[in-house]
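User: I would like a close look at one part of this model, the strands and the way they pair, with the surrounding residues brought in where they help.

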Amino acid sequence: MKAVLTTALLIIGLSSLSACSSWVYRIDIPQGNFLEQKDINKLRVEMTKEQVLYVLGSPVASNAFDNDTWHYFYSLKSGMGNNDFKKQLIITFNQNRLQDISGDYEKSENFNQPLDI
C-alpha cells in the first residue's frame, strides 16, 4: 500500500513539474536587418550603392560571385514558438546603379523616378 501511495505521489509531482515548464520565459530571437516600408519608400532607381547603404545599411548577405545583388533578411523567432516572422528584400544593381527591388516589400510610387543629381 505504501509503494502504491509513493508511486501516485511521484506521478502527481512529476506532472505538476511539467506544467511549470510553460512558465519558463523564452526570449525572442531577432536576426538580420529590420527594415520598415518607410525605409524602402526612400529608394529610387539609379541610386548609387553608397546611397542605398546610407538608407538601408549593410546587407546581411552578399554574393561573392555577383556583387550586383544584395540580400536583406529579417527573421524573428518567438520564444514561445507561435509568432515567427520573416521578411526579405533583394536589391539588384546594374553598373553600380540601383536597377530593381523585389521581395516582401512594396515599391514606392516614386521608385521609377530618379533622384535629382
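User: In β4, which residue is the bridge partner of His71? Please start from that pair and work outward through the neighbouring strands, the core and the charged contacts.

Analyst: The model is a predicted one, and everything below should be read with that in mind. The bridge partner of His71 in β4 is Ile90, and this pair belongs to a set of eight bridges that join β3 to β4, two strands that run antiparallel.

To place these strands in the whole, the protein chain has three helices and five strands, which follow one another along the sequence in the pattern α-β-α-α-β-β-β-β. Of its 117 residues, 22% count as buried, and among the contacts with a separation of 6 or more, 49% are between residues 24 or more positions apart. The chain exposes about 8,700 Å², with carbon and sulfur atoms supplying 55% of that area.

Strand β3 is a good place to continue, since several pairings involve it. With β1 it pairs in the antiparallel sense over four bridges, and there Gln31 has Ser75 in β3 as its bridge partner. With β2 it again pairs in the antiparallel sense, here over two bridges, and Ser62 finds its bridge partner in Trp70 of β3. The strands β2 and β3 form a hairpin, with six residues lying between them.

Phe73, which is placed in strand β3, shows how these pairings look from a single residue. Leaving aside residues up to four places away in sequence, Phe73 touches Gln31, Gly32, Asn33, Val60, Ala61, Lys87 and Gln88. Its C-alpha atom is 7.6 Å from that of Lys86, a residue 13 places away in sequence. Despite these contacts, Phe73 has a relative accessible area of 34% and is therefore partly exposed, since buried would require a value under 20%. As a general point on strand geometry, side chains in a regular strand alternate between the two faces of the sheet.

On the other side of the description stands the pairing of β4 with β5, which run antiparallel and are joined by six bridges. Phe93 stands opposite Leu98 in β5. These two strands form a hairpin that has two residues between them, and in this hairpin Gln95 takes a positive phi near 55 degrees.

The strands also contribute to the largest nonpolar core, which has 16 residues; those that touch the most other members are Leu43, Val52, Leu56, Leu89, Ile91 and Leu98. The elements giving two or more residues to this core are α3 (49-56), β3 (69-77), β4 (85-94) and β5 (97-103), and the largest share, three residues, comes from β4. Leu89 illustrates how many parts of the chain come together there: apart from residues up to four places away in sequence, Leu89 touches Leu35, Ile40, Leu56, Trp70, His71, Tyr72, Ile101, Ser102 and Tyr105. His71, the residue with which your question began, is thus among the contacts of Leu89.

At the surface, by contrast, Tyr25, Ile27 and Ile29 form a nonpolar patch with about 360 Å² of accessible area together. Ile29 lies in strand β1, which covers residues 29-32, and at 41% relative accessibility this residue counts as partly exposed.

Turning to the charged contacts, side chains of opposite charge can pair when their charged atoms come close. The count of salt bridges comes to two. One joins Asp68 to Lys49, with the closest N and O atoms 3.3 Å apart; this pair links distant parts of the chain, as Asp68 is in the loop between β2 (61-62) and β3 while Lys49 is in helix α3, 19 residues apart. Asp68, at 27% relative accessibility, counts as partly exposed, whereas Lys49, at 11%, counts as buried. The other joins Lys107 to Asp100, with the closest N and O atoms 2.5 Å apart. Here Lys107 counts as partly exposed at 42% relative accessibility, and Asp100 counts as partly exposed at 29%.

Finally, the segment after β5 holds Glu109, which is exposed because its relative accessible area of 82% is over the 50% cut-off. Along the chain Glu109 and Arg44 are 65 residues apart, yet their C-alpha atoms are separated by 9.7 Å.

Definitions and conventions: Residues numbered from 1 in each chain as written. Predicted model: local features only at pLDDT ≥ 70, side-chain atom pairs only at ≥ 80, totals over all residues. Heavy atoms only, no water. Patch = residues over 30% accessible without salt bridge, like charges linked within 9 Å, V, L, I, M, F, W, Y side chains within 5 Å. Areas by Shrake-Rupley, 256 points an atom, 1.4 Å probe, with all protein chains shown as cover. Salt bridge = Lys/Arg side-chain N within 4 Å of Asp/Glu carboxyl O. Buried < 20%, exposed > 50% of the residue type's maximum accessible area, 1.4 Å probe, protein only. Core = buried A, V, L, I, M, F, W, Y, C linked by side-chain atoms within 4.5 Å. Contact = heavy atoms within 4.5 Å. Pairing = 2+ DSSP bridges.
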